[in-house]
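The following exercises are to be worked with the sequence and the coordinates at hand. Each task is followed by a solution in steps.

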2 protein chains.
Amino acid sequence: MPDLHFTLSQILAQEKPFRRNLINCLSGFKSLNVCSTISPSGHTNLALLNSVIHVGANPPLMGMLMRPHTVPRHTIENIEAMGVYTLNMVSQAIYQEAHQASARYPQEVSEFEATGLSPWYSNSLKAPYVAESPVKIGLRFEEKHLIAANDTQLIVGKIEELFLPEAALGEDGFLNLSQLGAVAGNGLDGYHLGQPLTRLSYAKPDQTIDEIPFDQSNRRE
Amino acid sequence: MPDLHFTLSQILAQEKPFRRNLINCLSGFKSLNVCSTISPSGHTNLALLNSVIHVGANPPLMGMLMRPHTVPRHTIENIEAMGVYTLNMVSQAIYQEAHQASARYPQEVSEFEATGLSPWYSNSLKAPYVAESPVKIGLRFEEKHLIAANDTQLIVGKIEELFLPEAALGEDGFLNLSQLGAVAGNGLDGYHLGQPLTRLSYAKPDQTIDEIPFDQSNRRE
């Protein structure tokens, strides 16, 4: 049995930094992406996000949770004004720059200049990508939902295009995140690489699960 | 530059398994939690979730995305009927059992029996926890949002209580996920352990970032 027990009132009685760290760690490892946007007047903006989630594959949809009244305010404004934005995977090569992008810069300062990350534009999307990111996803704003309990917003977008390294993509569509050097978040400030265990075959009742090496396709569904 | 480019129409033209795998991998590493519920008549249910996100620390809120028309239907029904549910961190010791919980069992079959995971009840919450999980979170249903684009649902709950191992908790509230053996998801069927890089100090404009060892507190804010 675990040896510490916190009730809601005990959580609320903690000092703010302790509570923030603890609650931010509870969900487990977090995806890390840099959201890149541009304002109608051409100011670019980056925000480090640790709450990007898969929403659906057909149509291809991604979601992300944001606090409108704190850091990524410019991000939401730009997304609503321009209709498009990009998500760029955080890899080992850029996680320190991505972390720096979470500082509260004034709107006139582009986090591209502040962090040293490089903007890159495709032929079809108005928002910039992060050139150094191994996986670049261009999205069109689809819908948003206000979480009444604390005024955060879930933004959902549809994938318009994506760029990724062929070497990391299996013939069954599996993208090897360790091979890409993808970084996982731990709470607000912890960073980890992935150390592969295995892939597992599709689970069915009364059937044992097979282990599938990462370099093989999973054809059993 | 990455060497593969997919447009939306090229994504939609792929075969379904390829598209599902690819789009599910794009967000990066995923948190893995087993959601445990109980029906009014006492049937317990487990569902493996890879889309649990932090929503807020004060009040402590967590969100999770679910497809009401596919696997975790019983989960949503039980949450709405009982008002409470638990999230249980997937560790290396139980990730194969957690994967098996994603099979489509009929409602009368408890995934506890089917997977060999053990139900455990606290003194105050009606829903069962997964005894083998290192971090156990008891939640009360708060609100839900229907994602119109594909009929998925975001469920938000408030933390009522939690259980965790004291040894993994730092004095600043940081919970070391690698030390807990937490597992990160890669797409639908890939599993990784975390390999610690470092913690980074709070980012501020015009200030360099410090690396903080995982066994030290981050006191610079």
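A residue counts as buried under 20% relative accessible area, as exposed over 50%, and as partly exposed in between. The model to which this scale is applied below is predicted.

**Exercise 1. Classify Trp120(A) by its relative accessibility, and then do likewise for Tyr129(A).**

Step 1. Trp120(A) is partly exposed, because its relative accessibility is 23%.
Step 2. Tyr129(A) has a relative accessible area of 0% and is therefore buried.

**Exercise 2. Describe the aromatic pair formed by Trp120(A) and Tyr129(A), and place Trp120(A) in its cluster.**

Step 1. Across all chains, the whole structure holds 12 aromatic pairs.
Step 2. One of them is the pair of Trp120(A) and Tyr129(A), with 5.7 Å from centre to centre and 50° between the planes. Planes under 30 degrees apart would count as stacked and those over 60 as edge-to-face, so this pair is classed as tilted.
Step 3. Phe163(A) joins Trp120(A) and Tyr129(A) in one aromatic cluster.
Step 4. The face of Trp120(A) is also covered by a charge: Lys136(A) lies over it at 6.0 Å from the ring centre. In chain B, the charged end of Lys136(B) sits over the ring of Trp120(B), at 5.9 Å from its centre.

**Exercise 3. Determine how many residues separate Tyr95(B) and Tyr191(B), which elements hold them, and whether each is buried or exposed.**

Step 1. The rings of Tyr95(B) and Tyr191(B) form a tilted aromatic pair, 5.1 Å from centre to centre with 45° between the planes.
Step 2. Tyr95(B) belongs to helix α4 (residues 95–100) of chain B and Tyr191(B) to strand β12 (residues 190–200), so the pair links distant parts of the chain, 96 residues apart.
Step 3. Tyr95(B) is buried because its relative accessibility is 7%. Tyr191(B), with a relative accessible area of 2%, is buried as well.

**Exercise 4. Trace the contacts of His54(A) with chain B.**

Step 1. His54(A) is located in strand β4 (residues 52–57) of chain A. Its relative accessibility is 11%, and it therefore counts as buried.
Step 2. Its side chain comes to 3.5 Å from the backbone oxygen of Ile23(B). A polar contact of 3.3 Å connects the side chains of His54(A) and Asn24(B).
Step 3. Beyond its neighbours within four places in sequence, the residues in contact with His54(A) include Ser27(B), Lys30(B), Leu65(B) and Arg67(B).
Step 4. Helix α2 (residues 16–25) of chain B is mostly covered, with seven of its 10 residues buried. Among these buried residues are Ile23(B) and Asn24(B).

**Exercise 5. Locate the cis peptide bonds at Pro59(A) and Pro59(B), and the positive phi angles of Asp151(A) and Asp206(A).**

Step 1. Asn58(A) and Pro59(A) are joined by a cis peptide bond with omega of about 0°; Pro59(A) lies in the loop between β4 and β5 of chain A.
Step 2. A cis peptide bond, again with omega of about 0°, joins Asn58(B) and Pro59(B). Pro59(B) lies in the loop between β4 and β5 of chain B.
Step 3. Asp151(A), although not a glycine, has a positive phi of about 60°. Its place is in the loop between β9 and β10 of chain A. Asp151(A) counts as partly exposed because its relative accessibility is 38%.
Step 4. Asp206(A), also not a glycine, has a positive phi of about 55°, and is found in the loop between β12 and β13 of chain A. At 82% relative accessibility, Asp206(A) is therefore exposed.

Key: Residues numbered from 1 in each chain as written. Chains lettered and ligands numbered in written order. Predicted model: local features only at pLDDT ≥ 70, side-chain atom pairs only at ≥ 80, totals over all residues. Heavy atoms only, no water. Buried < 20%, exposed > 50% of the residue type's maximum accessible area, 1.4 Å probe, protein only. Helix = DSSP H or I, 4+ residues; strand = E, 2+ residues; numbered from the N terminus. Polar contact = N/O pair within 3.5 Å; in protein donor to acceptor, adjacent residues only side chain to side chain. Contact = heavy atoms within 4.5 Å. Phe/Tyr/Trp six-rings, centres within 6.5 Å; stacked < 30°, edge-to-face > 60°. Lys NZ or Arg CZ within 6 Å of the ring centre and 35° of its normal.
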